[in-house]
Amino acid sequence: MTSLRELQRDFAGALFDERSPDFTPQPARFQIYRNNVLSNLVDALASVYGAVKALVGDEFFEHAAERYARRTPSLSGNLNDFGADFGAFLATLPGASDLPYLGDVARLEWSAHLALLAPDAGPADFSALAALAPGEQERVRLRLHPSVHLLESPYPLLRIWELCQPDTPQTGAGVSLDEGAARLLVARPRLKVEITELTPGPFALLAAVHEGQGFAVACERALEVDAGLDIPAFVQAQAAAGVIVDWEV
């Protein structure tokens, strides 16, 4: 007698592999169910990867999304968890080889998706920082908002992403890949996901904080690439913006 686990395994396998033998006595009905499952997964990817879809076109996107769904079945009952590796999958497709930045665009969109779903965090009281002794201040570890993601790309990623947004006027203006690298802060400190381009110093500081480094190490890394960075002003601005939300010694 087939166990429940074996039945579930065979059912899932038949859903994502049309070469599987008919799973039920009514294969036409099963095909409808299979189509609905794949359609839902493709729609879930499209809701996250709008810029990727704009870059590759509807037909290519739907074909790629269906192939991805068949090869990478969701391991969660929550559709919001589906699609983390879609950018890496796209990089394996010959048809996407002319868009070397496509994977980075996908990483940016997945980061924005995760930021949107991240928990909230209230502002902390930073006034007590000033009362710490100098030695204690060096050991301070700042904490970033749970939604924060930091991305680097050799391409002008934010410009590419902006041109793919449906509310961006299509004036015929393009983007040159020689415009330079991007260092992006993705966060949702309040109600809306914000994508901000950072210069090397601020990016290095936040990256060190994100790694869990102490404030002294974060400052050293920032000053190595931007000796003139006004660190107190930058930290104060990020705390006011809700990007830095807490601290501990």
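**Entry 1: helix 4 and Phe60**

A helix here is a DSSP run of H or I with at least four residues, and helices are numbered from the N terminus. I keep in mind that this is a predicted model. With that settled, I looked up Phe60 and found it in helix 4. Is Phe60 buried, exposed or partly exposed? I read a relative accessibility of 24%, so Phe60 counts as partly exposed. I also looked up a partner along the chain, Ala96, which is 36 residues apart from Phe60. The C-alpha atoms of Phe60 and Ala96 are separated by 9.2 Å.

**Entry 2: a charged patch**

I stayed with helix 4 and turned to the surface. Which residues form the negative surface patch? I noted Asp43, Asp58, Glu59 and Glu62. Helix 4 runs over residues 58–71 and gives the most to this patch, with three residues. I picked out Glu62, whose place is in helix 4. Its relative accessibility is 42%, and therefore I wrote Glu62 down as partly exposed.

**Entry 3: aromatic rings**

Next I went through the rings, and I counted eight aromatic pairs in the structure. One of them joins Tyr68 and Phe86. Their ring centres are 5.2 Å apart and the planes meet at 70°, so I logged the pair as edge-to-face, a label for planes over 60 degrees apart. Why does this pair tie together parts that are 18 residues apart in sequence? Because Tyr68 lies in helix 4 while Phe86 lies in helix 5, residues 86–90. I found both Tyr68 and Phe86 buried. I then listed the aromatic cluster that holds this pair's residues: Tyr49, Phe61, Tyr68, Phe82, Phe86, Phe89 and Trp110 form one cluster.

**Entry 4: Leu102**

I moved on to helix 6, residues 102–117, where Leu102 lies. Is Leu102 buried or exposed? I found a relative accessible area of 2%, and buried means under 20%, so Leu102 is buried. Along the chain, Leu102 and Gly87 are 15 residues apart. In space, I read 7.3 Å between their C-alpha atoms.

**Entry 5: salt bridges**

How many salt bridges does the count come to? I got six. I followed three of these, one by one.

I began with Asp246 and Arg143, whose side chains meet in a salt bridge at 3.2 Å, N to O. Asp246 lies in strand 5 (residues 244–248) and Arg143 in strand 1 (residues 141–144), so this pair ties together parts that are 103 residues apart in sequence. Asp246 is partly exposed, with 25% relative accessible area. Arg143 is partly exposed too, at 39%.

Then I looked at Arg159, which forms a salt bridge with Glu179; the closest N and O atoms are 3.6 Å apart. This pair links distant parts of the chain, 20 residues apart: Arg159 is in helix 8 (residues 157–163), and Glu179 is in the loop between helix 8 and strand 3 (182–187). I wrote down 31% relative accessible area for Arg159, which is partly exposed. Glu179 has 43% relative accessibility and also counts as partly exposed.

My last bridge joins the side chains of Glu211 and Arg221, at 2.7 Å, N to O. Here, too, distant parts of the chain are linked, ten residues apart: Glu211 sits in helix 9 (residues 200–211) and Arg221 in helix 10 (residues 215–225). Is Glu211 buried or exposed? At 52% relative accessibility, over the 50% cut-off, it counts as exposed. Arg221, in turn, is partly exposed, with a relative accessible area of 31%.

**Entry 6: back to helix 9**

Since the last bridge took me to helix 9, I looked up one more residue there, Pro202. I read 7% relative accessibility, so Pro202 counts as buried. What separation do the C-alpha atoms of Pro202 and Ala222 have? I noted 6.4 Å, although the two residues are 20 residues apart along the chain.

Key: Residues are numbered from 1 along each chain as its sequence is written. This is a predicted model: local features need pLDDT of at least 70, side-chain atom pairs count only at pLDDT 80 or more; totals for chains, interfaces and linings use all residues. Side-chain values use heavy atoms; hydrogens and water are left out. Patches are made of residues with over 30% relative accessible area and no salt bridge: like charges are joined within 9 Å, nonpolar side chains (Val, Leu, Ile, Met, Phe, Trp, Tyr) within 5 Å. Accessible areas come from the Shrake-Rupley method with a 1.4 Å probe; for residues, only the protein chains shown count as cover. A salt bridge is a side-chain nitrogen of Lys or Arg within 4 Å of a carboxyl oxygen of Asp or Glu. Lys and Arg count as positive and Asp and Glu as negative; His and the chain ends are not counted. The place of a charge is taken as NZ of Lys, CZ of Arg, CG of Asp or CD of Glu. Helices (H or I, at least four residues) and strands (E, at least two) are DSSP runs, numbered from the N terminus. Buried means under 20% relative accessible area, exposed over 50%, partly exposed in between (1.4 Å probe, protein chains only). Rings of Phe, Tyr and Trp (its six-membered ring) pair if their centres lie within 6.5 Å; planes under 30 degrees apart count as stacked, over 60 as edge-to-face and the rest as tilted.
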